[in-house]
Amino acid sequence: MPQTLIRLAVLNLLRNRSRTTVAVLTVAGGVVAFLLAGGFINWIFHDMRDATIRSQLGHFQVVRPGYFEKGLSDPYSFLLPAQSKQELLVAAHPGLKSLTPRLVFFGLASVGDTTVTFSGEGIDPVRERPISSRITISEGNDLSSLDDKSVILGEGLAKNLGAKPGSQIVLLGTAANGGASAIEATVAGIFYTINKEFDNYALRIPIPLAQKLMRVDGATSWVGLLAGC
């Protein structure tokens, strides 16, 4: 019985070859479209993951216990020591490409008569470069050294401030002792990432300048990038 059914099916396919060809091509086209769409969606998620790692998060972060729960509201209670043995020990791991300190801080940025809130990161421009390879400088220049008295702004933040490379910007924050603190810097460049919301409020300055503004030593996190990833 099964053999008879198979024979009838084959004869039916051969009897109307044009219809059979159209059916086969339709099925094949659907399979190809499904595979292409699945591959494209998979690539989008993979690229988003890679861009987030290489512009914001790194592969891992070393922080004080409780930092992610309470550190954003009180970052100075969760500071990591500067140039510690622990940092050197982590940085010496053979599977690590780069390890860099970051100091997160918040405040107000002013250019002329315009003032807006910001979320800032104090970074080491040299050690940060491999980790932040997906941050694209659209205007001006990136930070180049720890001695820079410069800042780079996200595109949305720069637009809200009306700032351009060469503009003078004043950053006002609340220091670790509770007092007001301010620094003046030059806008070196404007950047963008895959995350537009991040670009709307983010800025970066050399970590010594951030420590001076916040009147602290150390960092809120050590961000690492794994080799071969």
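Call a residue buried when its relative accessible area is under 20%, exposed when that figure is over 50%, and partly exposed in between. With that in hand, here's a quick tour of this predicted model. The protein has eight helices and nine strands, and its radius of gyration is 27 Å, where a compact globule of 229 residues would come in near 17 Å.

**Overall build**
- Along the principal axes, the C-alpha atoms fill a box of roughly 90 × 45 × 30 Å.
- Buried residues account for 39% of the 229 in the protein.
- Take the contacts between residues at least 6 apart in sequence, and 73% of them join residues at least 24 apart.
- The accessible surface adds up to about 13,200 Å², with 60% of it belonging to carbon and sulfur atoms.

**Trp43 and its greasy patch**
- Trp43 sits in helix H2, which runs over residues 17-57.
- At a relative accessible area of 49%, Trp43 falls between the 20% and 50% cut-offs, so it counts as partly exposed.
- Trp43 also helps make a nonpolar surface patch of about 720 Å², together with Phe40, Ile41, Ile44, Phe45, Met48 and Ile194.
- As background, nonpolar side chains in soluble globular proteins tend to be buried together.

**The cores**
- The largest nonpolar core has 27 residues, and the members touching the most others are Leu153, Ile169, Leu171, Leu203 and Ile205.
- Strands E2 (96-111), E5 (150-154), E6 (168-174), E7 (180-192) and E8 (202-206) each put at least two residues into this core, and so do helices H6 (155-161) and H8 (207-214).
- Helix H8 is the top contributor to this core, with five residues.
- Apart from this core lies another one of eight residues, including Ile123, Ile135, Leu143 and Ala202.
- Zooming in on Leu153 and skipping residues up to four places away in sequence, its contacts are Ala158, Leu161, Ala163, Ile169, Val187, Gly189, Ile190, Phe191, Ala202 and Leu203.

**Gly224, tucked away**
- Gly224 belongs to strand E9 (residues 221-226).
- Its relative accessible area is 0%, which is under the 20% cut-off and therefore makes Gly224 buried.
- Setting aside neighbours within four places in sequence, Gly224 is in contact with Gly58, His59, Phe60, Leu96, Ser98, Leu99 and Ile131.
- Gly224 and Leu57 are 167 residues apart along the chain, yet their C-alpha atoms are separated by 8.6 Å.

Technical notes. Residues numbered from 1 in each chain as written. Predicted model: local features only at pLDDT ≥ 70, side-chain atom pairs only at ≥ 80, totals over all residues. Heavy atoms only, no water. Patch = residues over 30% accessible without salt bridge, like charges linked within 9 Å, V, L, I, M, F, W, Y side chains within 5 Å. Areas by Shrake-Rupley, 256 points an atom, 1.4 Å probe, with all protein chains shown as cover. Salt bridge = Lys/Arg side-chain N within 4 Å of Asp/Glu carboxyl O. Helix = DSSP H or I, 4+ residues; strand = E, 2+ residues; numbered from the N terminus. Buried < 20%, exposed > 50% of the residue type's maximum accessible area, 1.4 Å probe, protein only. Contact = heavy atoms within 4.5 Å. Rg over C-alpha atoms; globule rule 2.2 N^0.38 Å. Core = buried A, V, L, I, M, F, W, Y, C linked by side-chain atoms within 4.5 Å.
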